[in-house]
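I set out to look through one chain and to record what I found. The entries are kept in the order in which I made them.

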Amino acid sequence: MKTVIIGATGHIGTYLVPRLVEAGIEVIAVSRGHRAPYHAHGAWQWVERVEIDREAAEEEGSFGTQIARLEPDVVIDLISYAKDSTAQLVEALEGRVQQFIHCGTIWTYGYSEAVPTTEADGKRPWGDYGVQKKEIEDYLMDKARRGNFPAAVFHPGHIVGPGWGFINPAANRDPEVIRKLASGAELDLPHFGLATLHHIHAADVAQLCHGMMTHWGQAVGESFNAVSERAITLRGYADAVARWFGKEANLKFVDWQQWQEGKSAEDIRLTDDHISHSPSHSIEKAKRLLEYRPRYTSLEAIYEALDWDTKYGELQGLELGGTC
Ligand SMILES: NC(=O)c1ccc[n+]([C@@H]2O[C@H](COP(=O)([O-])OP(=O)(O)OC[C@H]3O[C@@H](n4cnc5c(N)ncnc54)[C@H](OP(=O)(O)O)[C@@H]3O)[C@@H](O)[C@H]2O)c1
């Protein structure tokens with residue numbers, strides 16, 4: 001089975017490509033060729049690499065036909081952010097592929113009415129990213145359910161992997177947050193620290209995506225949340241990180257206005273984005289229909305990334321003691 005992965009050398013592709021190759025699937029990896037997968041893997045020697053700049057090719061109207069010319073049985077599109085972009089591809093692939101898998105995001109849900117949020121719940125996204133990803137999903141589901149196109153969609157939470165920056169207990173990427181927890185220094189968290197985050201290890205994203213291929217009949221016309229078993233609260237997350245460094249979290253809870261004082265615009269933007277969504281999603285559908293069994297809890301996935309960061313990354317010098 002020939003599978004074309006668009007955006008194959010990024011965070012997801014680094015795990016997905018070796019997984020599919022090991023399953024005996026022929027993989028063609030499409031990217032601009034600017035970067036390599038962030039973990040080397042012998043499987044890449046069996047992968048055909050095709051360099052296409054999607055944006056440039058879309059502008060000249062050739063992206064869809066360039067992908068169709070590769071004669072894929074399956075296309076996995078990891079990097080579409082607008083309906084027109086997906087539509088150009090779909091129009092070129094209609095009647096020619098067995099399956100088309102699109103990578104969405106849990107931001108398509110907006111806020112949750114009840115948690116854990118299931119795929120059957122209503123969606124009220126805000127912000128260009130979530131709104132446009134939902135437009136893509138609606139378009140693809142409509143196509144699939146009319147029987148015109150074998151599309152399926154998965155929605156990752158905050159993806160984690162060793163060697164890749166991760167969303168921390170203050171719901172941003174500021175390394176000082178981890179340093180404070182590691183040293184027992186005071187860390188301020190917005191509200192009562194009860195906003196939630198929902199991570200997933202990149203290897204589990206790959207597992208779920210592969211499951212959509214092996215369970216074709218269950219996946220086509222459907223969307224699936226791609227997250228760990230359970231979401232975590234900022235407070236619980238902070239407690240765990242401090243514990244891994246042999247400390248007790250020294251937390252101060254402040255209101256949102258106060259929390260923003262002295263923080264960078266980027267940290268405020270990221271924290272605001274994450275706590276206003278406070279994702280907590282169900283994976284029951286993927287478990288039932290795709291036999292999805294995440295290998296990592298949220299904290300196990302984060303521990304692995306943090307371990308890497310303290311050994312090789314920006315947190316070198318910090319000593320991670322306990323186990324997860
Ligand atoms: N990261 C998260 O936590 C998260 C959460 C929810 C959903 N998602 C979804 O995950 C998807 C992104 O996957 P990822 O995290 O694996 O992406 P990523 O790490 O940013 O990797 C992007 C990939 O696309 C390629 N690429 C970028 N621009 C390109 C272009 N113009 N033409 C062709 N190839 C291009 C890159 O290689 P080159 O640079 O060499 O071209 C690379 O292979 C998105 O759909 C996003 O909405 C991510």
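The entries below go from the whole chain to single residues.

**Entry 1: the whole chain**

I noted at the outset that this is a predicted model. I counted the secondary structure and recorded 13 helices and 13 strands in the chain. I then looked up the extent of the C-alpha trace, which spans about 60 × 40 × 40 Å along its principal axes. The radius of gyration is 20 Å, and this agrees with the value near 20 Å for a compact globule of 324 residues. Of the 324 residues, 47% count as buried. I also looked at contacts with a separation of 6 or more, and found that residues 24 or more positions apart account for 76% of them.

**Entry 2: the surroundings of the ligand**

I asked which residues come nearest to the ligand. They are G7, G10, R32, H34 and R54, out of 23 residues around the ligand. I then sorted the shell by element: α1 (11-22), α2 (54-59) and β7 each give two or more residues to the shell. Helix α1 gives the most, with three residues. By class, I recorded eight nonpolar, 10 polar and five charged residues in the shell around the ligand.

**Entry 3: I159 in strand β7**

I stayed with β7 and chose I159, which lies in that strand. Is I159 buried or exposed? I entered I159 as buried, because it has 22 C-beta neighbours inside 10 Å and 20 or more are needed for that class. Leaving out residues up to four places away in sequence, I159 touches H11, I12, I200, A202 and V205. I also looked up the separation of I159 from S298: the two are 139 residues apart along the chain, and their C-alpha atoms are separated by 9.8 Å.

**Entry 4: helix α6**

I listed the buried residues of α6 (175-183), and these are V177, I178, K180, L181 and A182. A lysine, K180, is thus one of the buried residues in α6. I then asked which elements the buried residues of α6 pack against. They pack against β8 (186-190), α9 (234-244) and α13 (298-312). Just after α6, G184 takes a positive phi of about 85°.

**Entry 5: helices α4 and α5**

I examined the packing of α4 (residues 83-93) with α5, and recorded an angle of about 30° with the axes 8 Å apart. The two helices are therefore roughly parallel to each other, because angles under 35 degrees fall in that class. From α4, the residues K83, T86, A87 and V90 meet Q132, E135, I136, Y139, L140 and K143 of α5. By class, I noted five nonpolar, two polar and three charged residues in the contact of α4 with α5. The spacing of such residues has a general background: an α-helix has 3.6 residues a turn, so residues three or four places apart point the same way.

**Entry 6: backbone exceptions**

I next searched for departures from a general rule: most residues other than glycine have a negative phi, and most peptide bonds are trans.

- A cis peptide bond joins V115 and P116, with omega about -5°. I placed P116 in the loop between β5 (99-103) and α5 (127-145).
- E71 is not a glycine, yet its phi is positive, near 55°. E71 is found in the loop between α3 (63-68) and β4 (74-77). I entered E71 as exposed, because 11 other C-beta atoms lie within 10 Å.
- A171, also not a glycine, has a positive phi of about 65°. The loop that holds A171 runs between β7 (158-160) and α6. I entered A171 as buried, because it has 25 C-beta neighbours inside 10 Å.

**Entry 7: two further loop residues**

I looked up R230, which lies in the loop between β11 (223-226) and β12 (232-233). R230 counts as partly exposed, with 16 C-beta neighbours inside 10 Å. R230 and F154 are 76 residues apart in sequence, and I recorded 17 Å between their C-alpha atoms.

I then located S278 in the loop between α11 (265-277) and α12 (284-290). S278 is partly exposed, with 19 other C-beta atoms within 10 Å. Apart from residues up to four places away in sequence, S278 touches A195 and T196. The C-alpha atoms of S278 and A240 are separated by 19 Å, and the two residues are 38 apart along the chain.

How values were computed: Residues numbered from 1 in each chain as written. Predicted model: local features only at pLDDT ≥ 70, side-chain atom pairs only at ≥ 80, totals over all residues. Helix = DSSP H or I, 4+ residues; strand = E, 2+ residues; numbered from the N terminus. Buried ≥ 20, exposed ≤ 12 C-beta atoms within 10 Å, placed from the backbone. Near = placed C-beta within 6 Å. Nonpolar A, V, L, I, M, F, W, Y, C, P; charged D, E, K, R; others polar. Contact = placed C-beta atoms within 7 Å. Rg over C-alpha atoms; globule rule 2.2 N^0.38 Å. Axes fitted to C-alpha atoms, helices over the stretch in contact; angles between N-to-C directions. Parallel < 35°, antiparallel > 145°, perpendicular 65-115°, else oblique.
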